[in-house]
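User: I've got this model open on my screen and would like to walk through it with you. Could we start with the strands and then look at the packing?

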Amino acid sequence: VFKEDPEQYAPAIPPSIPPPRLWILGVKGSGKTSVASSISDQYGVPAFTFSREFFNKCIWPRGLDAEYEEDGQFAEAKRLLKEVDDFDQAQQDKKEAIAEKEKLRAEKEARIAAGEEEEDEDEEEEPEDPWEPEEEDARKERLLKAYTAVAADILQHEPFKSKGYIMDGYPTAEEEEALLLTNNVHPEKVLVVKISSEHYVRRKVDETFAARRRERLRKIRDLKGLRLKRARKEKKKELNAWRVRNLDKEDAGDDGEEDEEIEEDPEPVQKADVVADLEAQFDTENGALEAVCALFEEQLIDLINIPGDKSKSTVLASVMEVLSPVLPNRQSLLEAPYVVRYNNALSLLREGRGYLSSFGYSDCVDLAKERQGEKEATRMKLLKLRPPPEDPNPPEEIPVDTPRTAERKRKFRVARKKRARLEQLKQVFIDEKLKEREAEQAEKAAEEAEAA
């Protein structure tokens, strides 16, 4: 039935192409952000990093407001962020209240010990508060769940609803990935920028080495200040003892502070230690990345590995090549193909009046016939029986070089440049030899003249 009348199965509303949803992953320093910003600038797809600053910028583009709005755009995201802030504020207020209570209790005990206040035996002791502060792991889990739900709500609004998005450097762990998929945040493609351990170390070793040297110098400066402070304190003690001994002055006493133990100056930073630490850090990050990629493969999500050890332009060219069906030729997903000549098809692509399909430059007709098992003899027989009508006004063919011809011309140009360069170097070498010979002859003639 479908073959006889396929139009009755067409939807009343033409389908629309969904916007692209790309996730870019990789270890630190692999070039994820550069790739994301380049794709965003070229195709106008918003790129972002998963963080609280990004959420605030989306929800409050003109700055944070004093009050949360319960309705309007991003209502769910605002409610979740309000719960996060209220819980954090309650934790902070509780910590400050307990610290203030402990301070008052210590002051009262000090006054009782000094005899300034009598202890009230009838005073009832306050019951201990069973409250305990939130642990760091529990806080991370709570924030992760809240922020994932906030991201799911934000990505359903503009500009991400119509333009899509590129998420840079997230998720970094299996728990984060599982929460995103649970909140119906699914990627269309996942790009993984892969770099080697040597490349990772080479990119970060100088910066890390300089940062550790600055940290060492800062620590040495702080220790020097502590030693000067202790020397002044010892000098003050000696001066006070001399006054008591020679001038019958009263002992001013000690300030009651115990001298802190001052550690030795840190050892000089060695580059070999920095390299070893970076290699261990790479192994940790790469292991987490492989675990995330394994979960993507289990979910049957399209995963694309990009070699990131090469230059920036080469990496971007590889990314654009694999994203050709997703970004530049996305309109071809719902386009109806029609038969044109090869040169005319190239002209349509060059002028922007056509889009390259997912078949690329291969012949989809030949692919279909090969799939159906049709033989070449049958095709030629049908052409003889029913030849195609000739076009009375054939379009003017524009001479266009095929990829093979263009590559051959490029090789010829490179060979000519190399030959010209060799001839130039040869001529320079001959000129230098002639100059050396003339100098030797002149020197020999001068010696002969001097001897005569």
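User: How many bridges join strand β4 to β5?

Analyst: Quick note before we start: this is a predicted model, so local features need pLDDT of at least 70 and side-chain atom pairs count only at pLDDT 80 or more, while totals for chains, interfaces and linings use all residues. Residues are numbered from 1 along each chain as its sequence is written, and side-chain values use heavy atoms, with hydrogens and water left out. Strands here are DSSP runs of E with at least two residues, helices are runs of H or I with at least four, and both are numbered from the N terminus; two strands pair if DSSP finds at least two bridges between them. β4 (residues 189–194) and β5 run parallel, and the bridges joining them number five.

User: Which residue in β5 is the bridge partner of Val192, and is its face of the strand covered or uncovered?

Analyst: The partner of Val192 in β5 is Asn305. In β5 (residues 303–307), Ile304 and Ile306 make up the covered face. Asn305 sits with Leu303 and Pro307 on the other face, which is uncovered.

User: Which helix gives the most to the largest nonpolar core?

Analyst: A nonpolar core is a set of buried Ala, Val, Leu, Ile, Met, Phe, Trp, Tyr and Cys residues joined through side-chain atoms within 4.5 Å. This one has 46 residues, and Phe160 and Ile154 are among those touching the most other members. With eight residues in the core, the top contributor is helix α4 (residues 136–154).

User: Which helices do the buried residues of α4 pack against?

Analyst: Buried means under 20% relative accessible area, exposed over 50%, and partly exposed in between (1.4 Å probe, protein chains only). In α4 the buried set includes Leu143, Tyr147, Val150 and Ile154. Those buried residues pack against α2 (52–59), α3 (75–113), α5 (160–163) and α6 (174–182).

User: Which residue of α4 does Phe160 touch?

Analyst: Contact means heavy atoms within 4.5 Å. Leaving out residues up to four places away in sequence, Phe160 touches Pro19, Pro46, Phe48, Phe54, Cys58, Leu155 and Tyr165, plus Ile154. Since α4 covers residues 136–154, the one you want is Ile154.

User: Why does Pro18 count as partly exposed rather than buried?

Analyst: Pro18 is in the segment before β1 (21–26). Its C-alpha is 8.0 Å from that of Gly164, though 146 residues separate the two in sequence. Pro18 counts as partly exposed because its relative accessibility is 44%.
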